[in-house]
Amino acid sequence: MKIYLIRHGIAESRNIEQNDPERILTSKGITRVQKVTQKLSTLKIKFDVIISSPSTRAKETAIILQQGKLTSQIIEHSALKPEGNILEWINWLQNSDYKDSNSIALVGHQPDLTNWTELLIWGEIQGKLILKKAGIIGLDLLDLSNPIGTSELFLLAGPKWITN
């Protein structure tokens, strides 16, 4: 199974009056995610499902990917919210209708997505990877029954590299 971990696009700055989960994408964030979507479409990358953080900026990112015809289905999952739990997500995936999927996208936050990547590849968080907003990590989950430390990285790309 291929897993694409996608960081949400550029969002509004944090402010005291607004809850963090409610921050929306900026116009630059929307444009950047649209360009990334176009590139993925050109590369004929599609997802059986997009699983999104419940935060507004992540859901907006997932919707842009869906509007680009990269998937027909979006599901929100609490494990993808900031400081989410990878084991909760793995357990859900192992028991879901998507366990036999070819390609899944996860839309979430930094540092969670890179921490999850490091766990899936090396079995521990090393704090070495960085994922820019609207960037993508691609992993092959070789053993869904035990993906921690057994997965392989095939893509780590920032949005500028993807869209040039």
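## The turn after α4

In this predicted model, Gly 123 has a positive phi of about 80°. Gly 123 comes just after helix α4.

## Helix α4

Helix α4 spans residues 112-122. Ten of its eleven residues are buried, so the rest of the structure largely encloses the helix. Buried here means under 20% relative accessible area.

The buried set opens with Asp 112, Leu 113, Thr 114 and Asn 115 among its members. Trp 116, Thr 117 and Glu 118 also belong to it. Leu 119, Leu 120 and Ile 121 are buried too.

Both strands and a helix contribute to the cover over these residues. The strands include β1 (2-7), β4 (103-108), β5 (136-140) and β6 (152-157). Helix α3 (86-94) is also part of the cover.

## Strand β2 and its partners

Strand β2 covers residues 49-52, and both of its faces are covered. Val 49 and Ile 51 lie on one side. Ile 50 and Ser 52 lie on the other. Each of these four residues is buried.

β2 pairs with β4 in the parallel sense, over four bridges. Within this pairing, Val 49 stands opposite Ile 104 of β4. β4 also helps to cover the buried residues of α4.

## From β2 to β3

β2 also pairs with strand β3 (residues 74-76), again in the parallel sense, over three bridges. Here Ile 51 stands opposite Ile 75 in β3. The chain runs from β2 to β3 by way of helix α2 (residues 56-67). This β-α-β crossover is right-handed.

Notes:
Residues numbered from 1 in each chain as written. Predicted model: local features only at pLDDT ≥ 70, side-chain atom pairs only at ≥ 80, totals over all residues. Heavy atoms only, no water. Buried < 20%, exposed > 50% of the residue type's maximum accessible area, 1.4 Å probe, protein only. Helix = DSSP H or I, 4+ residues; strand = E, 2+ residues; numbered from the N terminus. Contact = heavy atoms within 4.5 Å. Pairing = 2+ DSSP bridges. Right-handed = clockwise from strand over helix to strand, strands pointing away.
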